[in-house]
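Here are some short exercises with worked solutions. Have a go at each task before you read on.

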Amino acid sequence: MILSPSQLQPAIANFLAEDLGRGDISTLTLPNQLATGEIIAKQAGILAGQVIPPVVAQILSEHGHYEAVIGDGTWVTPGTVVGRMTAPIVELLAGERVMLNLMQRMSGIATATDAAIKELADPKIVILDTRKTLPGLRQFDKAAVVIGGGQNHRFGLDDAVMIKDNHWALIDNLPTTVQALRRQIGPTKIIEVEVETRAQLQAAVASQVEMIMIDNQSPATVKAWRQLIPAPIKVEVSGGITPTTLAQYAGTGVDYISLGYLTHSVTALDLSLEIETDK
């Protein structure tokens with residue numbers, strides 16, 4: 001997923017309104033002179049979110065301008081200048097926290113995604129995200145995964161069919177259910193089935209779905225079950241996989257590993273804004 005300024009503008013405007021309330025009372029006595037603030041990395045990681053500062057500048061001030069020094073996906077070290085924003089000081093301070101919060105979160109997700117790819121060390125397996133994102137932040141989170149080298153799974157419930165454990169509890173016959181779904185959704189949407197038992201796996205294969213998710217299974221079981229799935233069917237693995245167990249799934253022959261922790265357990269990358277006035 002690639003973010004565009006026009007796409008982000010409504011969300012960021014709402015975030016700024018939430019933070020500003022009726023105005024920043026801490027700046028009431030400050031001269032509203034033009035100032036430049038540098039965004040600086042305080043720790044090492046993958047930078048993400050360079051699309052955000054220009055949108056913040058545009059919303060807050062007609063005189064705001066942002067210059068990116070480095071691009072998204074770049075590995076930064078402490079002290080790296082990421083970019084420079086010039087704007088009247090009151091507007092610059094008003095946008096600081098929203099801008100940094102979003103960039104720090106996105107950079108943390110990108111860094112975790114990059115680390116997962118390196119830890120897995122299996123170029124045949126693609127790292128995917130999940131829908132385990134905070135409401136209102138999904139577009140930011142999923143864009144950060146892509147910047148970190150991963151790919152997006154479903155953006156929302158309308159992107160593809162996924163039959164999960166709670167669906168299984170309501171299904172009498174999977175092939176019949178899949179046939180009915182195909183008539184409803186047409187040929188452009190894929191159907192994926194989550195399986196936790198060998199019987200469920202066999203039913204999913206018999207249903208000729210496009211994708212099977214093997215959930216909460218050991219690497220040995222995943223590797224064995226993969227041999228039972230015809231090659232045209234893509235295979236995803238998910239469930240309980242952590243940074244410390246991820247490497248064990250290398251060489252299992254699956255196509256994808258989805259990792260919820262990339263977005264539900266974010267460790268932000270520390271960034272700061274340091275302002276220099278024209279004094």
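**Exercise 1. Find which residues of helix α2 are buried, and what they pack against.**

Step 1: Helix α2 covers residues 52–60, and its buried residues are Ile52, Pro53, Val55, Val56 and Ala57. Buried means under 20% relative accessible area, exposed means over 50%, and partly exposed is in between, with a 1.4 Å probe and protein chains only. Helices (H or I, at least four residues) and strands (E, at least two) are DSSP runs, numbered from the N terminus.

Step 2: Now look for partners, where contact means heavy atoms within 4.5 Å. Among the helices, the buried residues of α2 pack against α1 (5–20), α3 (89–120) and α4 (138–147). On the strand side, the partners are β1 (34–41), β3 (65–68) and β5 (81–88).

A word on the ground rules: this is a predicted model, where local features need pLDDT of at least 70 and side-chain atom pairs count only at pLDDT 80 or more, while totals for chains, interfaces and linings use all residues. Residues are numbered from 1 along each chain as its sequence is written, and side-chain values use heavy atoms, with hydrogens and water left out.

**Exercise 2. Work out how β5 pairs with β1 and with β3.**

Step 1: Two strands pair if DSSP finds at least two bridges between them.

Step 2: β1 and β5 run antiparallel, with seven bridges. Alanine 35 sits opposite alanine 87 of β5.

Step 3: β3 and β5 are antiparallel too, over four bridges. Here glutamate 67 has arginine 84 of β5 as its bridge partner.

**Exercise 3. Decide whether α4 is mostly covered or mostly open, and follow the chain just past its end.**

Step 1: Seven of the 10 residues in α4 are buried, so the helix is mostly covered. The buried residues include Phe140, Ala143, Ala144 and Val145, but also Gln139, Asp141 and Lys142.

Step 2: Those buried residues pack against α1, α2, α3 and α9 (261–264).

Step 3: Just after α4 comes glycine 149, with a positive phi of about 110°. Glycine 149 belongs to the loop between α4 and β7 and is partly exposed, with a relative accessible area of 49%.

Step 4: Leaving out residues up to four places away in sequence, glycine 149 touches Thr113 and Ile117. The C-alpha atoms of glycine 149 and alanine 116 are 9.5 Å apart, with the two positions 33 residues apart along the chain.

**Exercise 4. Give the strand order of the open six-stranded sheet and say which strands stand at the edges.**

Step 1: The order is β6-β11-β10-β9-β8-β7, with parallel pairing.

Step 2: β6 (126–128) and β7 (161–163) are the edge strands; each has a single partner, so one side of each lacks a neighbour in the sheet. Neighbouring strands are turned by 25° against each other on average, direction ignored, using axes that are lines fitted to C-alpha atoms.

Step 3: For one pair in detail, take β9 (residues 211–215) and β10 (residues 234–238), which are parallel over five bridges. Aspartate 215 stands opposite serine 238 in β10.

**Exercise 5. Look at the backbone of alanine 121 and asparagine 216: what is the sign of phi in each?**

Step 1: Start from the usual expectation. Most residues other than glycine have a negative phi.

Step 2: Alanine 121 has a positive phi of about 55° although it is not a glycine. Its place is the loop between α3 and β6, and at 57% relative accessibility it counts as exposed.

Step 3: Asparagine 216 has a positive phi as well, near 55°. This residue is in the loop between β9 and α8 (219–226) and is partly exposed at 46% relative accessibility.

**Exercise 6. Is glutamine 200 buried or exposed, and what does it touch?**

Step 1: Glutamine 200 is part of helix α7 (residues 198–206). Its relative accessibility is 18%, so glutamine 200 counts as buried.

Step 2: Not counting residues up to four places away in sequence, glutamine 200 touches Trp168, Glu194 and Val195.

Step 3: Try a distance across the model: the C-alpha atoms of glutamine 200 and methionine 85 are separated by 55 Å.

Conventions:
Axes are lines fitted to C-alpha atoms, for helices over the stretch in contact, and angles run from 0 to 180 degrees between N-to-C directions.
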